[in-house]
Amino acid sequence: MRSFHIQAGVGLTASTEHPTPRPSAGQVLVRVMATSVNARDRLIVAGTYAVPVPPGRIPLSDGAGVVEAVGEGVTRFRVGDRVVGTFHPDWVHGPFPGWGELRGTQRDGWLAQYLAIDEQSLVAMPDQLSFEEAATLPCAALTAWSAVRGVGPGDTLLVQGSGNVSLFALQFGRLQGARVLATTSSAEKARRLSALGASDVVDYTSTREWGARVHALTDGGADRIVEIGGGAETVAQSVEALAYGGQIALVGNLASGGGMELTRFFQRAATLRSVSVGSRSDFELMNRDIARYRLQPVIERVFPFEEAPEAFAYVEKGDHIGKVVISHG
Ligand SMILES: NC(=O)c1ccc[n+]([C@@H]2O[C@H](COP(=O)([O-])OP(=O)(O)OC[C@H]3O[C@@H](n4cnc5c(N)ncnc54)[C@H](OP(=O)(O)O)[C@@H]3O)[C@@H](O)[C@H]2O)c1
């Protein structure tokens, strides 16, 4: 089989042919059909991620495929099952146990033709999705689902930016019956966000006080905000945008830094809740919602396996609206 590996100072290098792994007890062998690239993956490959990554690591936390063989004692899957990996390999259910070992950093990831993987870190793919669509789910979709959990009809949701977590949050928010507003930095992306169901889109580069603008547009503020910036300025604007008693789901850190006046939280009786993707049982609940709502992940572009480095370069440009996927088929 072939795989891609991270080399410090170089980026991604393709392997020569090497033996396909054999599943040990409790593992299944997955023929990987598709993977997708997240914000975190490009930092990992660029060598700028917060966690050290050993040379030669296979990247990517998100992938989907077919079970090709099962090891001794496997009970959850059979040969031929269509499966998708979980982002937190060891978080099955219950409260967040801490970051642990993740694929693409402490463990090899999915950018290979085959992966021998613990059956506990897989879920069944939603029936109506292709492998390319399913590969978009483990990180961005589940994070969004966790961030907007409990939002329903009559609620107002604000998503920051047009990145992948925000797009899934917009989709889940709309399907759950909420009014959804978005911020963005370009007119073209604003058009795409409106087409996906955003009732209003505010340009956060030209409207520096976008919090007040959202508050005015919503006649009382947003009940839930998906916080992608995670910095003093963006959180301060989010508090401004928030309805009394509302909640900010802290997801990203793309604008992190600085300090803020925390007494602003009193003014809105605000809650700040941090999100760490989700557990395997959250993933299964999300997949039920995906099936029920017939949610269609937004895919920007699919690259063939051999062009994986180009997929990373494409994400680096930052022009995407939707997931960048790699097809291994
Ligand atoms: N906590 C978790 O569990 C979790 C899980 C997944 C991702 N994350 C984090 O969430 C963030 C977004 O991830 P992603 O996968 O959605 O990334 P992405 O697809 O690369 O999204 C990038 C987009 O974020 C928007 N953005 C950047 N800076 C912004 C700012 N200051 N204010 C508002 N929007 C801003 C921009 O949207 P426009 O181009 O429209 O301006 C940009 O295109 C990253 O920090 C990532 O590490 C956290």
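**Exercise 1. The largest nonpolar core**

Task: Which residues touch the most other members of the largest nonpolar core, and which elements supply it?

Solution. Step 1: The largest nonpolar core has 48 residues, and L137, F168, F172, V226 and M286 touch the most other members. A nonpolar core is a set of buried Ala, Val, Leu, Ile, Met, Phe, Trp, Tyr and Cys residues joined through side-chain atoms within 4.5 Å. Buried means under 20% relative accessible area, exposed over 50%, and partly exposed in between, with a 1.4 Å probe and protein chains only.

Step 2: At least two residues of this core come from each of β3 (27-37), β4 (62-70), α2 (131-134), α3 (137-148), β8 (156-160), α4 (164-175), β9 (179-184) and α9 (280-293). Helices (H or I, at least four residues) and strands (E, at least two) are DSSP runs, numbered from the N terminus.

Step 3: Helix α3 gives the most, nine residues. Domain 1 (4-136 + 297-327) and domain 2 (142-274) each provide at least three residues of this core.

Step 4: Another core, of 34 residues, lies apart from this one, and its members include L29, V30, V74 and I326.

Before going on, note how the values arise. This is a predicted model, in which local features need pLDDT of at least 70 and side-chain atom pairs count only at pLDDT 80 or more, while totals for chains, interfaces and linings use all residues. Residues are numbered from 1 along each chain as its sequence is written, and side-chain values use heavy atoms, with hydrogens and water left out.

**Exercise 2. The parallel sheet**

Task: In what order do the six strands of the open sheet stand, and which strands are at the edges?

Solution. Step 1: The order is β10-β9-β8-β11-β12-β13, with parallel pairing. Two strands pair if DSSP finds at least two bridges between them.

Step 2: The edges are β10 (200-203) and β13 (271-274); each has a single partner strand, so one side of each lacks a neighbour in the sheet.

Step 3: On average, neighbouring strands are turned by 20 degrees against each other, direction ignored. Axes are lines fitted to C-alpha atoms, for helices over the stretch in contact, and angles run from 0 to 180 degrees between N-to-C directions.

Step 4: Take one pair. Four bridges join β12 (242-250) to β13 in the parallel sense. L250 has S274 of β13 as its bridge partner.

Step 5: Now add helices. α3 lies across β8, β11 (222-227), β12 and β13, at about 150 degrees to β11. α5 (187-195) lies across β9 and β10, at about 165 degrees to β9.

**Exercise 3. Two helices**

Task: Which residues of α6 are buried, and where do they sit around the axis?

Solution. Step 1: In α6 (210-217), the buried residues are W210, G211 and V214.

Step 2: Their arc around the axis is only 105 degrees, which puts them on the same side of α6. The arc is that of the directions from the helix axis to the C-beta atoms.

Step 3: These buried residues pack against β8, β9, β10 and α7 (232-241).

Step 4: Compare the burial of α7. Eight of its ten residues are buried, so α7 is largely enclosed by the rest of the structure. Its cover includes β8, α6, β11, β12 and α8 (264-268).

**Exercise 4. A loop residue**

Task: Is T86 buried or exposed? What does T86 contact?

Solution. Step 1: T86 lies in the loop between β5 (82-85) and β6 (114-118).

Step 2: Its relative accessibility is 4%, so T86 counts as buried.

Step 3: Leaving aside neighbours within four places in sequence, T86 contacts S121, L122, V123, R280 and F283. Contact means heavy atoms within 4.5 Å.

Step 4: T86 and F283 are 197 residues apart in sequence, yet 7.6 Å apart in space, C-alpha to C-alpha.

**Exercise 5. Antiparallel pairs and domains**

Task: How many bridges join β3 to β4, and how many Å separate the domain centres?

Solution. Step 1: β3 and β4 run antiparallel and share eight bridges. T35 has G63 of β4 as its bridge partner.

Step 2: β4 also pairs with β5, antiparallel, over three bridges.

Step 3: The centres of domain 1 and domain 2 are 29 Å apart, taken over C-alpha atoms. The domain bounds come from an automatic or database domain assignment.

Step 4: Nine residues of domain 1 are in contact with eight residues of domain 2.
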